[in-house]
Amino acid sequence: MDIAIMAGVITAVAVFLVGLLLLILHYAYRHKGTYRTHEDKGTEFAESADAALQGDPSLQDAGDSSRKEYFI
């Protein structure tokens with residue numbers, strides 16, 4: 001009878017520790033500081049921000065090209 005109680009306690013502790021490990025891994029994965037952006041493909045290889053934005057059709061009629069504003 002004592003062996004069954006000890007086996008139950010050991011199993012409960014093991015299940016608790018595995019659950020705690022999964023919770024920690026989930027938290028570490030979700031809060032690692034990365035995020036997704038929805039930027040155009042191909043802009044990651046541009047030499048500068050100007051070169052990346054030159055081919056964007058939505059910015060072709062952006063107005064005066066001497067004043068540029070970038071939001072970070």
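The dialogue below takes a predicted model and reads its helix, its burial and its surface in turn.

Biologist: Before looking at details, how many helices and strands are there in the chain?

Modeller: The chain holds two helices and zero strands, and helix α1 runs over residues 2-30, with Ile5 among its members.

Biologist: How does the reach of α1 stand against the span expected for its 29 residues?

Modeller: From its first C-alpha to its last, α1 reaches 42 Å, which is close to the 42 Å expected at 1.5 Å a residue.

Biologist: Which residues does the UniProt annotation "transmembrane region" cover?

Modeller: That annotation, from an unreviewed entry, covers residues 6-29; over this stretch the model is 100% helix and 0% strand, with end C-alpha atoms 34 Å apart.

Biologist: How many residues of α1 are buried, if buried means under 20% relative accessible area?

Modeller: The count is zero, so that α1 is hardly covered under that cut-off, and of the 72 residues of the whole chain 1% count as buried.

Biologist: Which residues make the nonpolar surface patch?

Modeller: In general, an α-helix has 3.6 residues a turn, so residues three or four places apart point the same way. Here, Met1, Ile5, Val9, Val13, Phe16, Leu17, Leu20, Leu23 and Ile24 make a nonpolar patch of about 960 Å², while the accessible surface of the chain comes to about 7,400 Å², with 62% belonging to carbon and sulfur atoms.

How values were computed:
Residues are numbered from 1 along each chain as its sequence is written. This is a predicted model: local features need pLDDT of at least 70, side-chain atom pairs count only at pLDDT 80 or more; totals for chains, interfaces and linings use all residues. Side-chain values use heavy atoms; hydrogens and water are left out. UniProt positions are given in the numbering used here, feature names are shortened, and annotations may be inferred rather than shown by experiment. Helices (H or I, at least four residues) and strands (E, at least two) are DSSP runs, numbered from the N terminus. Patches are made of residues with over 30% relative accessible area and no salt bridge: like charges are joined within 9 Å, nonpolar side chains (Val, Leu, Ile, Met, Phe, Trp, Tyr) within 5 Å. Accessible areas come from the Shrake-Rupley method with a 1.4 Å probe; for residues, only the protein chains shown count as cover. A salt bridge is a side-chain nitrogen of Lys or Arg within 4 Å of a carboxyl oxygen of Asp or Glu. The expected span of a helix is 1.5 Å times one less than its number of residues. Buried means under 20% relative accessible area, exposed over 50%, partly exposed in between (1.4 Å probe, protein chains only).
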